[in-house]
Amino acid sequence: MSETIQARVLRVIATTQRIPLEKVKPDSTFEELGIDSMDSINILFDLESEFDIEIKDEDAKKIQTIREMIDGVTYLVDSKQNPSAQTATE
Amino acid sequence: MISALGLDQQGFWHSLVSGQSGIGPIPQDVGPVAEMGMNQVRFKNGAAVIGYNAEAYFPRKAASFMDRFAQFSVIAAREAVTNAGIEWTEELRDNAAIITGSCMGGRFTDEIGYWELFHHGRHRVHPLTIPLGMSNAGASHISMEYGLHGPAYTFSTACSSSAHAIGNAYWMVRSGAVPLAIAGGSETPFFLGGLKAWEAMRVVSPDTCRPFSANRSGMVLGEGAAMLVLEPLEQALARGAKPLAEIVGFGMSADACHVTQPSAEGAARAIRAAMRDGGLAPEQVGYINAHGTATEANDRMEAAAIHAVFGSHADTLPVSSTKSMHGHTLGAAGAIEAAATVLALRNGILPPTMNYTQPDPECELDVIPNQSRKKQAEAALSQSFAFGGLNAVLAFRSLP
């Protein structure tokens, strides 16, 4: 399941950033992919649409890597599917 | 002036000096259509004009021909013209200029039309949507208010709009092209579509505006208007007027690098240009009214620019962001902050940066934290750095 999420996150990043999908790896840095702060906000916006989630401003500010995007989206998707798990982990 | 700090200049200055903030919950009835429900916006706070009733200022029919931003423009111009004691001669009416700035203009009105079309599924919008929505409506209504036939136009350079307006008006007066100018700006950003757009940028604070403070959480939007009357100093003194300050310099630049990330180099270039234009040495500048939006990107960039221009003088140069009280009024910000700068020179008091609780090592400046300060500055700057990388800096000197 999380693999699928990861693949979808990478696809969204590639599409939004208009770069080839094969260049986007879970451990790529923002720098390598030419992602600046405005690009990052655009990507988060498209991730919200792709997964029907809402990313809070304070979380958005902290995200610095592709890995954090994948982990954050995974967490939000899990919380949505299983609301009780969210309270358990918090 | 009209702002979250009061319906006139006196209220504005009183609040600035006493450190009273106009930031609070955005009133639900401030928007163009109450049923839009502005409570669906994630951030709740803004610096709205409270207690405003258009009919106290305009006959009912006249008010219906003006968007809220245009009404504010006229109200601000009336106060400036009255305080300046202008008596309109035929020659003055033929030649005086009106130069205004607004970022969003009458989009407040546009949104009513969109609501009808896209929400109610209606097939028509109000016939006044175009004349109310246009960004030059403020300048146009000021011209009609006084019957002024000279040059009149509007700048839209985002958050530098009214600084560009005042600077260009200053140059026109200085060159002798016009004998007098009314210049400033107006903005009314509290409508659902606009607030949603700011929300999407993730730059608006969930609580308040803490410029230069390490625990800052973003900007807070504000509404309001300010207009200045500019004329040659000798002319003002000759007719017995009491000018508030002398405008001495104007500098502009473009970052030419990123549409939202500001550049310290671009900002520094505009500051230097304003000082060169005004013949000011760094030590003469005793106060800066900063752009100070309380976003990390702006505050750190602005601190770096000030240090680059002023060198060691930056260590003791008082710099405050009054946005901590009147909010970020976008296209009106340059004018409202120019007014704050002028009043600081006039009264020998520097307004504070409010909500300053944690020094940011990346912003090592004397930010006049949380309390106004008695100090007569010789000269002062008002800085505006817009999205799109368009910068405008105004320089003023105190008068005896």
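# Strands, helices and salt bridges of chain B

Visitor: In which strand is Arg373(B) found?
Guide: Arg373(B) belongs to a strand of chain B; strands (E, at least two residues) and helices (H or I, at least four) are DSSP runs numbered from the N terminus. This is a predicted model, in which local features need pLDDT of at least 70, side-chain atom pairs count only at pLDDT 80 or more, and totals for chains, interfaces and linings use all residues; side-chain values use heavy atoms, without hydrogens and water. Residues are numbered from 1 along each chain as its sequence is written, and chains are lettered from A and ligands numbered from 1 in the order in which they are written. The strand holding Arg373(B) spans residues 373-374 and is β12.

Visitor: Is Arg373(B) buried, partly exposed or exposed?
Guide: Buried means under 20% relative accessible area, exposed over 50%, and partly exposed in between, with a 1.4 Å probe and protein chains only. Arg373(B) has 29% relative accessibility, so it counts as partly exposed.

Visitor: How far apart in space are Arg373(B) and Pro352(B), C-alpha to C-alpha?
Guide: Contact here means heavy atoms within 4.5 Å, and residues up to four places away in sequence are not counted among the contacts of Arg373(B), which include Pro318(B), Gly348(B) and Asp366(B). Pro352(B) is 21 residues from Arg373(B) in sequence, and their C-alpha distance is 7.3 Å.

Visitor: What is the order of the strands in the open sheet of chain B?
Guide: Two strands pair if DSSP finds at least two bridges between them. Four bridges join β9(B) (residues 285-289) to β13(B) in parallel, and eight join β13(B) to β14(B) (residues 390-397) in antiparallel fashion. The open sheet has five strands and mixed pairing, in the order β8-β14-β13-β9-β10. Each edge strand pairs on one side only, and these strands are β8 and β10 (319-320) of chain B.

Visitor: How many residues of strand β13(B) are buried?
Guide: On one side of β13(B), Ala379(B), Leu381(B), Gln383(B) and Phe385(B) are buried, and on the other Ala380(B), Ser382(B), Ser384(B) and Ala386(B) are buried too. Both faces are therefore covered under the cut-off of 20%. Of the eight residues in strand β13(B) (379-386), the number buried is eight.

Visitor: Which residue is the bridge partner of Leu381(B) in β14(B)?
Guide: The hairpin of β13(B) and β14(B) has three residues between the strands, and Gly388(B) in it takes a positive phi near 90 degrees. Ala386(B) stands opposite Leu390(B). For Leu381(B), the partner is Ala395(B).

Visitor: What C-alpha distance separates Gly251(B) from Ala163(B)?
Guide: Gly251(B) lies in strand β8 (residues 246-254) of chain B and counts as buried because its relative accessibility is 1%. Its contacts beyond four places in sequence include Asn391(B), Ala392(B) and Val393(B). Ala163(B) is 88 residues away along the chain, and the C-alpha separation is 9.8 Å.

Visitor: How far apart are the end C-alpha atoms of helix α8(B)?
Guide: Helix α8(B) runs over residues 161-175, and twelve of its 15 residues are buried. The expected span of a helix is 1.5 Å times one less than its number of residues. For the 15 residues of α8(B) this gives 21 Å, which agrees with the end-to-end C-alpha distance of 21 Å.

Visitor: Which residue of chain A forms a salt bridge with Arg202(B)?
Guide: A salt bridge is a side-chain nitrogen of Lys or Arg within 4 Å of a carboxyl oxygen of Asp or Glu, and by this rule there are 23 over all chains. Arg202(B) is buried because its relative accessible area is 9%, and its partner is buried at 15%. The closest N and O atoms are 3.0 Å apart, and the partner is Glu48(A). The pair crosses between chains, from the loop between α9 (192-201) and β7 (224-230) of chain B to helix α3 (residues 37-51) of chain A, which holds Glu48(A).

Visitor: What is the N to O distance in the salt bridge of Arg239(B) and Glu231(B)?
Guide: Arg239(B) is partly exposed, since its relative accessible area is 34%, whereas Glu231(B) counts as buried at 17%. Their side chains meet in a salt bridge, with an N to O distance of 2.4 Å.
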